[in-house]
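Visitor: Please pick one part of this model and look at it closely. Then work outwards from there.

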Amino acid sequence: MKKTYLFAVMALSAMQMQAQNATQDTYVGAALATEDLNGTARYVGMGGAMDALGAEISTMGSNPAGIGLFRKGQVSATLGVNIQEEGKTFQDGSKTHVSFDQAGVVFCSRTGKSSYLNFGFNYHKNRNFNHVLFAANALNGSSQSSQTVLKDMNGLFLNRGLACSQLDDLYLGNMVLDENEILHDYAGNAYDFTRANTGYIGEFDFNISGNIKNRLYLGLTVGVHSVRYKNYSEYYETLSSQEITDVLISDNHKITGHGINVKAGLIFRPVEESPFRIGVSVATPTFYRLTTENYTTIGTNVDRESAKEDFRFNTPWKFGLSLGHTVGDYLALGAVYEYADYGACDMRTIDGGRYNYDYYYDDYTYYENSSSDNVMKRHTENTLKGVSTLKLGAEFKADKSLAIRIGYNYVSPMYQENGVRDQTLQSPGVYYASTTHYINWKDTHRITAGVGFSFDKFRLDLAYQYSMRKGDFYPFMKDYSAAFIDEDTNQTMTLNNHCDAVSVKDNRHQIQCSLTYSF
């Protein structure tokens with residue numbers, strides 16, 4: 001069967017991409033916006049359900065009013081060990097690693113008979129990226145390089161448009177076309193994929209809080225985020241082609257930068273004689289300015305694509321409602337509900353900057369302009385959705401020196417069931433793409449437990465957390481097609497490139513130890 005392709009084949013050689021300002025894509029944003037359950041061992045042991053109970057340093061980042069319940073100063077630090085279930089070592093990734101999870105201090109000052117004004121600082125690891133992922137499956141004739149061919153058949157590479165990614169350039173320059181500019185079809189047999197993520201998002205919180213007549217507690221926190229993210233992946237395909245029997249794509253990628261947000265909260269006791277408390281909190285988006293760098297190689301020729309770009313990214317608003325109650329001095333119960341619409345994540349292109357004269361400082365100040373990548377924004381709205389998080393926890397004090405804690409979290413899925421990392425978008429997020437894989441993670445369950453020992457002014461807390469979630473992995477877009485004309489019949493036919501999902505897991509064990517001193 002002879003074919004006439006409905007496009008003009010472009011003989012693109014592998015080229016060095018130049019650094020420009022552009023954005024990243026929906027799936028990168030989802031990874032940056034997600035938060036872990038982390039903090040002191042006491043906070044984690046109770047499943048983080050302490051927003052209304054307060055008097056816990058880790059609530060500084062969830063409901064800032066919780067710091068207003070302190071009556072003494074406090075300093076604490078936390079170390080943890082993280083273990084990936086069924087994990088393995090790959091490049092810089094490993095199954096087990098030690099983590100510095102938290103360090104903070106609270107200062108209390110009395111302003112009235114029953115009123116306080118408190119100040120606090122706390123660092124905690126907001127997001128732990130360490131994870132090694134492995135996936136493999138049959139391809140049944142489809143392949144990553146075939147996706148490039150179909151994109152070209154659909155005219156997406158004309159004038160080197162934004163839908164022509166770094167990876168497409170590598171395929172077009174090294175595999176899809178031979179030296180005579182003849183197009184080959186590469187049917188895939190199977191693939192292996194391995195990726196090692198490392199790094200973290202560290203959050204530095206600065207808090208001011210207080211109370212009015214020991215009934216109403218108010219708090220405000222400014223959070224500064226530091227992003228250190230790296231990953232290395234290898235994608236290996238075996239092909240049925242006589243020209244090329246296999247192909248290896250190696251990708252190095254890192255993202256660094258900083259962000260800032262503001263959180264506000266209140267806690268009140270509706271009945272003066274009752275310890276029952278209700279908490280409300282709100283957090284602005286985290287406004288990130290980030291730099292992403294990558295270099296990607298294909299096969300043994302080590303032909304390389306690389307790019308470096310600056311971009312901005314805004315996470316969604318987050319809202320919280322919490323309940324807390326104590327029974328005597330031996331039982332504390334807490335519940336927290338949080339909601340954030342991740343479809344509102346906003347990847348932004350940096351358009352440029354300017355210097356304006358500041359008369360107050362008698363100097364010039366640099367201002368940077370950015371705008372939403374509207375194509376990617378619509379894709380995000382159709383791919384991500386609102387997420388509800390439920391946290392439950394309890395603490396039982398067997399005596400003054402011993403506390404026992406349990407907790408549970410449920411986090412609803414972030415991804416739409418039909419979500420896809422669309423590589424046909426006319427977006428800088430596609431133009432700079434060096435990989436095509438994606439995972440639609442499902443809901444998350446966390447089970448926690450802990451114990452605390454108090455002696456004099458010190459407290460030693462231990463916590464255990466088991467987190468589990470499943471996802472569907474795709475090596476490239478699950479369905480993509482293009483048309484061609486059969487020269488024998490002069491009829492229009494369709495070529496399809498389909499891949500099935502592979503179920504993957506992200507199950508983790510975390511053990512923490514906190515030392516706290518009250519003054």
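Guide: The account below begins with a run of paired strands, then moves to loops, helices and open spaces.

The ground rules come first. This is a predicted model, so to speak of local features a pLDDT of at least 70 is needed, and side-chain atom pairs count only at pLDDT 80 or more, while totals for chains, interfaces and linings use all residues. Residues are numbered from 1 along each chain as its sequence is written, and side-chain values use heavy atoms, without hydrogens or water.

Start with strand E6, residues 188-212, and strand E7, residues 216-239. Strands here are DSSP runs of E with at least two residues, helices are runs of H or I with at least four, and both are numbered from the N terminus. E6 and E7 pair in the antiparallel sense over 24 bridges. Pairing requires at least two bridges found by DSSP between the strands. Within this pair, Arg195 stands opposite Ser233 of E7. Three residues lie between the strands of this hairpin, and Lys213 takes a positive phi near 55° there.

E7 has another antiparallel partner. Strand E8, residues 246-268, pairs with E7 over 23 bridges. Leu220 faces Ala264 of E8. Six residues form the hairpin connection from E7 to E8.

Now take one residue of E6. Ala190 lies in this strand. Its relative accessible area is 27%, so Ala190 is partly exposed. The scale runs as follows: buried is under 20% relative accessible area, exposed is over 50%, and partly exposed is in between, with a 1.4 Å probe and protein chains only. Leaving out residues up to four places away in sequence, Ala190 touches Asn137, Ala138, Leu139, Tyr236, Glu237 and Thr238. Contact means heavy atoms within 4.5 Å. Ala136 is 54 residues from Ala190 in sequence, yet the two C-alpha atoms are 7.4 Å apart.

Next come two loops. Most residues other than glycine have a negative phi. Asn140 is not a glycine, but its phi is positive, about 55°. Asn140 sits in the loop between strand E5 (131-138) and helix H3 (144-153). With 65% relative accessibility, Asn140 counts as exposed. Glu86, also not a glycine, has a positive phi of about 60°. Its loop runs between strand E2 (74-84) and strand E3 (96-110). Glu86 is exposed too, at 62% relative accessibility.

H3 is mostly covered, with 10 of its 10 residues buried. Among them are Gln144, Thr148, Lys151 and Asp152. Gly155 follows H3 and has a positive phi, near 80°.

Helix H5, residues 374-383, has Met376, His379, Thr380 and Thr383 as its buried residues. Viewed down the axis of H5, these fall within an arc of 100°, so they line one face of the helix. The arc is taken from the directions from the helix axis to the C-beta atoms. The buried residues of H5 pack against helix H1 (26-33) and helix H6 (428-431).

Last, the spaces. The search uses a 1 Å grid over the protein atoms alone: a cavity is a set of points where a 1.4 Å probe fits but cannot get out, a pocket is an open set with protein on both sides within 12 Å along at least five of seven lines, and lining residues have an atom within 4 Å of a point. Points are joined across faces, edges and corners, and volume is the space filled by probe spheres set on them.

The largest pocket holds about 1,100 Å³ of space. It has 36 lining residues, and Arg42, Ala55, Glu395, Lys397 and Arg459 are the closest to its centre. Elements that give two or more residues to this lining include strand E13 (331-341), strand E18 (438-455) and strand E19 (458-474). E16 gives the most, with four residues. The lining divides into 13 nonpolar, 10 polar and 13 charged residues. Here Ala, Val, Leu, Ile, Met, Phe, Trp, Tyr, Cys and Pro count as nonpolar, Asp, Glu, Lys and Arg as charged, and the others, Gly among them, as polar.

The whole structure has six cavities of 30 Å³ or more. The second largest cavity has a volume of about 200 Å³. Of its 19 lining residues, Glu35, Asn261, Thr286, Thr315 and Lys318 lie nearest the centre. H1 and E8 are the elements that give two or more residues to this lining. By class, the lining of this cavity has eight nonpolar, seven polar and four charged residues.
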